[in-house]
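Trainee: Please take one part of this model and go through it closely. Then follow its connections outward, step by step.

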Amino acid sequence: MKILRESSEDEMILEYLKAESTSGRFSEQLKETLEKLRLEESVILSADLQNTAENAGRKKLLGEFRGYGMGQKMFERFPAVTEWKLCTFSNADLGKIRYIDYSYWNELSAGTHMPFSAAKTIRDGKIVYGVSNNGFLRAAEYIRNGGSFPRLFFLTPDYESFVIVEGHLRMTAYALAPECFDNIEVIVGKCSGEELRKWM
């Protein structure tokens with residue numbers, strides 16, 4: 001893992017929304033939330049991080065959509081982030097990255113929280129909770145063919161171990177195609193290890 005530069009909460013929120021806007025599972029819900037808040041899709045697709053009003057709008061959007069900054073939904077008990085960095089990760093870092101503690105990811109990774117273990121489950125053809133593995137396999141094939149994903153978002157207490165906040169499917173695809181996990185940009189938020197354990 002290498003730290004490239006300083007990042008920010010505003011940049012993380014933008015990248016989070018970019019990823020959700022391309023998600024087959026969540027994009028429609030995000031569009032509905034944009035309409036509810038009377039925001040244009042351009043605040044995501046052609047964003048200006050120097051625009052204070054835009055940044056405030058995106059933060060409100062992520063709050064309404066996912067509970068960010070409101071202590072709700074997936075951001076309930078979310079840790080206070082003390083610094084933001086843009087980092088690059090490579091194949092050697094795969095063993096340092098963990099899923100959140102959630103029943104589906106726990107089962108898929110055989111209780112290890114590790115994407116590598118989930119990749120083995122998928123290769124073995126095991127189906128968890130009746131959810132098809134085809135999405136992971138398609139995503140892995142996509143990156144093998146030169147496709148790219150929006151940046152992932154991790155939390156860390158020490159820059160030695162990392163927990164995925166946003167990007168579980170994409171991280172699983174990288175574990176299925178580890179040769180493609182090279183110089184992958186990730187926004188990393190540093191937080192208290194105790195707060196991280198309580199959240200995840």
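Mentor: Start with strand 2. The model is predicted. Six of the seven residues of strand 2 are buried, so the strand is largely enclosed by the rest of the structure.

Now its partners. Strand 1, residues 2-6, runs antiparallel to strand 2, and four bridges join them. Within that pairing, Arg-5 stands opposite Leu-86. Strand 6 also pairs with strand 2, again in the antiparallel sense, this time over seven bridges. Here Glu-83 stands opposite Lys-190.

Strand 6 leads onward. It covers residues 184-190 and pairs with strand 4 in the parallel sense, over five bridges. Leu-155 of strand 4 stands opposite Gly-189 of strand 6.

Look at strand 4 itself, residues 152-156. Five of its five residues are buried, so this strand is largely enclosed by the rest of the structure. In a regular strand the side chains alternate between the two faces of the sheet. Both faces are covered here. Leu-152, Phe-154 and Thr-156 are buried on one side, Phe-153 and Leu-155 on the other.

Strand 4 has another neighbour, strand 5, residues 162-166. The two run antiparallel and are joined by three bridges. Leu-155 takes part again: its bridge partner in strand 5 is Val-163. Strands 4 and 5 form a hairpin, with five residues between them. Tyr-159 sits in that turn, with a positive phi of about 60°.

Pause at Phe-162. This residue belongs to strand 5. Phe-162 is buried, with a relative accessible area of 1%. Not counting residues up to four places away in sequence, Phe-162 touches Phe-154, Leu-155 and Thr-156, among others. Its contacts also include Val-188 and Phe-89, as well as Met-1, Lys-96, Ile-97 and Arg-98. Those contacts bring you back to the strands just described: Val-188 falls within strand 6, and Phe-89 within strand 2, residues 83-89. Cys-191 is 29 residues from Phe-162 along the chain, and their C-alpha atoms are separated by 11 Å.

Next, the aromatic rings. The count comes to 16 aromatic pairs. Take Tyr-16 and Phe-75. Their ring centres are 5.9 Å apart and their planes stand at 50°, so the pair is tilted. Tyr-16 lies in helix 1 and Phe-75 in the loop between helix 4 and strand 2, so the pair ties together parts that are 59 residues apart in sequence. Tyr-16 and Phe-75 are buried. Ring pairs also link Tyr-16 and Phe-75 into a cluster with Tyr-68, Phe-78, Trp-84, Phe-153 and Trp-199. Phe-153 is the strand 4 residue we met above.

Finally, the helices. Helix 8 covers residues 168-176. Eight of its nine residues are buried, so helix 8 is largely enclosed by the rest of the structure. Among the buried ones are His-168, Arg-170, Ala-173 and Tyr-174. Helix 6, residues 115-123, packs against helix 8 at an angle of about 75°, with the axes 8 Å apart. That makes helix 6 roughly perpendicular to helix 8. From helix 6, the contact uses Pro-115, Phe-116, Ala-118, Ala-119, Ile-122 and Arg-123. Helix 8 supplies Met-171, Thr-172, Ala-175 and Leu-176. By class, that contact has eight nonpolar residues, one polar and one charged. The four from helix 8, Met-171, Thr-172, Ala-175 and Leu-176, are buried.

How values were computed:
Residues are numbered from 1 along each chain as its sequence is written. This is a predicted model: local features need pLDDT of at least 70, side-chain atom pairs count only at pLDDT 80 or more; totals for chains, interfaces and linings use all residues. Side-chain values use heavy atoms; hydrogens and water are left out. Buried means under 20% relative accessible area, exposed over 50%, partly exposed in between (1.4 Å probe, protein chains only). Two strands pair if DSSP finds at least two bridges between them. Axes are lines fitted to C-alpha atoms, for helices over the stretch in contact, and angles run from 0 to 180 degrees between N-to-C directions. Angles under 35 degrees count as roughly parallel, over 145 as roughly antiparallel, 65 to 115 as roughly perpendicular and the rest as oblique. Contact means heavy atoms within 4.5 Å. Ala, Val, Leu, Ile, Met, Phe, Trp, Tyr, Cys and Pro count as nonpolar, Asp, Glu, Lys and Arg as charged, and the others, Gly among them, as polar. Rings of Phe, Tyr and Trp (its six-membered ring) pair if their centres lie within 6.5 Å; planes under 30 degrees apart count as stacked, over 60 as edge-to-face and the rest as tilted.
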